[in-house]
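Q: Got a minute to go through this one with me? I'd like to start with how the helices pack.

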Amino acid sequence: MTTRLLPATVVVLVAAIGLAASNALRVSVPALFVALVAATAGILAAPPELRRLAATVAVVALAGWCWGSARLDSLDRSPLRAEVDRAGRVLVVVTGEPRVGRFSQRS
């Protein structure tokens, strides 16, 4: 049994790969230039009927990579960075009645 991979599935998968790529390599001008050249070559090498999908995949992958890098950079500058790997005690007061659901009890 063979299944056809839908273009939307490919785009979502590539977005996740772009976000994950920011963990391995943050966006910089030389890396972005190399990625743009590789993406352009990939688009031009694709068959004519797949060029639109290839262009969409390249844009989404690069956007995910840039967004992931921006998120990681903002986490690096977070004021809570000093609190990483620290534990603390806290007292929590719940003022509402618990709501009983089918599988859980929430407040």
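A: Sure. Helix α1 passes α3 in a right-handed crossing; a crossing is right-handed if the near helix is turned clockwise from the far one by less than a right angle, and left-handed if anticlockwise. Helices here are DSSP runs (H or I, at least four residues), strands are E runs of at least two, and both are numbered from the N terminus.

Q: Before we go on, what kind of model is this?
A: This is a predicted model, where local features need pLDDT of at least 70, side-chain atom pairs count only at pLDDT 80 or more, and totals for chains, interfaces and linings use all residues. Residues are numbered from 1 along each chain as its sequence is written, and side-chain values use heavy atoms, with hydrogens and water left out.

Q: OK, at what angle do α1 and α3 pack?
A: About 30°, with the axes 7 Å apart; α1 covers residues 7–24. Axes are lines fitted to C-alpha atoms, for helices over the stretch in contact, and angles run from 0 to 180 degrees between N-to-C directions.

Q: Which residues in α1 meet α3?
A: Among them are Val10, Val14, Gly18, Leu19 and Ser22 in α1, and the α3 side includes Val57, Val60, Gly64, Trp65 and Ser69. Contact means heavy atoms within 4.5 Å. The residues of this contact divide into 14 nonpolar, seven polar and no charged. For that split, Ala, Val, Leu, Ile, Met, Phe, Trp, Tyr, Cys and Pro count as nonpolar, Asp, Glu, Lys and Arg as charged, and the others, Gly among them, as polar.

Q: Ser22 then: buried or exposed?
A: Ser22 is buried, with a relative accessible area of 2%. Buried means under 20%, exposed over 50%, and partly exposed in between, using a 1.4 Å probe and protein chains only.

Q: What does the side chain of Ser22 reach?
A: The backbone oxygen of Leu19, at 2.6 Å. That's a polar contact, meaning a pair of N or O atoms within 3.5 Å; within protein, one must be able to donate a hydrogen and the other to accept it, and residues adjacent in sequence count only if both atoms are side-chain atoms. Leaving aside neighbours within four places in sequence, Ser22 is in contact with Trp65, Gly68, Ser69 and Leu72.

Q: And where does Ser69 sit?
A: In helix α3. Ser69 is buried too, at 3% relative accessible area, and its side chain reaches the backbone nitrogen of Val27 at 3.1 Å. Not counting residues up to four places away in sequence, Ser69 touches Ser22, Leu25, Arg26 and Val27.

Q: Switching helices: how do α2 and α3 pack?
A: α2 (residues 29–45) and α3 (residues 51–76) pack at about 165°, with their axes 9 Å apart. That makes α2 roughly antiparallel to α3, since angles over 145 degrees get that label, under 35 is roughly parallel, 65 to 115 roughly perpendicular and the rest oblique. The crossing of α2 and α3 is right-handed.

Q: What's the residue mix there?
A: 13 nonpolar, no polar and one charged.

Q: Now Asp85: where does it lie?
A: Asp85 lies in the loop between α3 and β1 (99–100). Asp85 is exposed, at 81% relative accessible area, and has a positive phi of about 70° although it is not a glycine.

Q: Last one, which strand has Arg106?
A: β2, residues 105–106. Arg106 counts as exposed at 51% relative accessibility.
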